[in-house]
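User: I'm new to reading protein structures and would like a close look at one part of this one. Could you walk me through it slowly, in plain words?

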Amino acid sequence: MFQHLSGVLDAYPGWLVVACIGTAVLAYFLGCFNGAVVMSRYILRDDVRNHGSGNAGLTNFYRTFGGPLTFVVILTDVLKAVVAILVGASLVLAVLFSTWIFGILSPQLVPFGKYWAGMFCLLGHMYPCTFQFRGGKGILSGGTIAIMIDWRVALVVWGGFLILAILTRYVSLG
């Protein structure tokens, strides 16, 4: 994989760096949009982190507030991960297309863009600068990222999570 990276960097070094930095910043700020905190603070006028486990995650939101807004929290956690992965793959593809014009094509870099975006989205979810670096545990966003990167690995990860969560009744342990 990395032997192709040197060829891409030689052909268009600036654009790949810009794409990586842009992906990291955009994915991080997408991750910072925490549905549980936004719904509890701005819709319900109460902070989910002041209740239950003190965590800004889906489980604490559901246990504290319940109701149909839990579906909105699930949707935000899933959508921000999907958008981050798509942005990461798209920016790398754009750089690859521009370098393809010069005769270098390295499609092995597309998974790198997905991993890169997924990592920063999870960092934004767990440590959001918008909410004093107190976020969720990243279970739903991380699971969505796993599905977007490789569904086979995601099946194993989600299976292990479900088994542990059901047996122990601790979502965070799962």
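To start with, how many helices and strands does the protein have? After that, please zoom in on the stretch around Asn55 and Asn60: where is Asn60 found, and what does Asn55 touch?

Analyst: Happy to! One thing up front: this is a predicted model, so please read everything below as a description of that model.

Let's begin with the whole protein. There are eight helices and zero strands, so if you read along the sequence the pattern is simply α-α-α-α-α-α-α-α. The protein has 174 residues, and 39% of them count as buried. Now look at contacts between residues at least 6 apart in sequence: 61% of these join residues at least 24 apart. As for the outside, the protein exposes about 9600 Å², with carbon and sulfur atoms supplying 73% of that area.

Now to your part of the chain. We can walk into it from helix H3, which covers residues 35-43. At the start of H3, a side-chain oxygen of Asn34 reaches to within 3.0 Å of the backbone nitrogen of Ala36. Ala36 is also one of the buried residues of H3, along with Gly35, Val37, Val38, Met39 and Ser40. Once H3 is over, you meet Arg45, which has a positive phi, near 60°.

Charged side chains come into play here too. Arg41 and Asp47 pair up in a salt bridge, with 3.9 Å from N to O. The two partners sit differently with respect to the surface: Arg41 is partly exposed because its relative accessibility is 29%, while Asp47 counts as buried because its value is 11%. And the story doesn't stop with that pair, since Arg41, Asp47 and Arg49 are linked in a network of salt bridges. Keep Arg49 in mind, as Asn55 touches that residue.

That brings us to Asn55 itself. You'll find Asn55 in the loop between H3 and H4. Don't let the word "loop" make you picture a residue out on the surface: Asn55 has a relative accessible area of 16%, and buried means under 20%, so Asn55 is buried. Leaving out residues up to four places away in sequence, Asn55 touches Val48, Arg49, Asn60, Gly135, Gly136 and Lys137. Notice that this list includes Gly135, Gly136 and Lys137, whose numbers are well along the chain from Asn55. Asn55 also has a polar partner close by in the sequence: a polar atom of its side chain lies 2.9 Å from the backbone nitrogen of Gly57. For a sense of scale, take Asn55 and Val37: they are 18 residues apart in sequence, and their C-alpha atoms are 9.5 Å apart in space.

Next comes Asn60, which is found in helix H4, made of residues 58-64. Is Asn60 buried or exposed? Asn60 is buried, because its relative accessible area is 6%. The side chain of Asn60 reaches the backbone oxygen of Val48 at 3.1 Å. Not counting residues up to four places away in sequence, Asn60 touches Val48, His51, Gly52, Ser53, Gly54 and Asn55.

Put those two contact lists next to each other and the picture starts to join up. Val48 is touched by Asn60, and Val48 is touched by Asn55 as well. The two asparagines also touch one another. So if you're turning the model on your screen, try starting from Val48: Asn60 points its side chain at the backbone oxygen there, and Asn55 makes contact with that residue from the loop between H3 and H4.

For contrast, it helps to glance at a few other places. In helix H5, residues 69-100, Lys80 and Asp77 sit three residues apart, about one turn of the helix. Their side chains meet in a salt bridge of 3.5 Å, N to O. Lys80 counts as buried because its relative accessibility is 5%, and Asp77 is buried too because its value is 4%. Asp150 and Arg152 form another salt bridge, at 3.1 Å; here Asp150 is partly exposed because its relative accessible area is 22%, and Arg152 counts as exposed because its value is 52%. The structure holds four salt bridges.

Last stop: a nonpolar patch on the surface. Val17, Ile21, Val25 and Phe29 make this patch, which covers about 360 Å². Val25 belongs to helix H2, residues 13-32, and counts as partly exposed because its relative accessibility is 44%.

Technical notes
Residues numbered from 1 in each chain as written. Predicted model: local features only at pLDDT ≥ 70, side-chain atom pairs only at ≥ 80, totals over all residues. Heavy atoms only, no water. Helix = DSSP H or I, 4+ residues; strand = E, 2+ residues; numbered from the N terminus. Buried < 20%, exposed > 50% of the residue type's maximum accessible area, 1.4 Å probe, protein only. Contact = heavy atoms within 4.5 Å. Areas by Shrake-Rupley, 256 points an atom, 1.4 Å probe, with all protein chains shown as cover. Patch = residues over 30% accessible without salt bridge, like charges linked within 9 Å, V, L, I, M, F, W, Y side chains within 5 Å. Polar contact = N/O pair within 3.5 Å; in protein donor to acceptor, adjacent residues only side chain to side chain.
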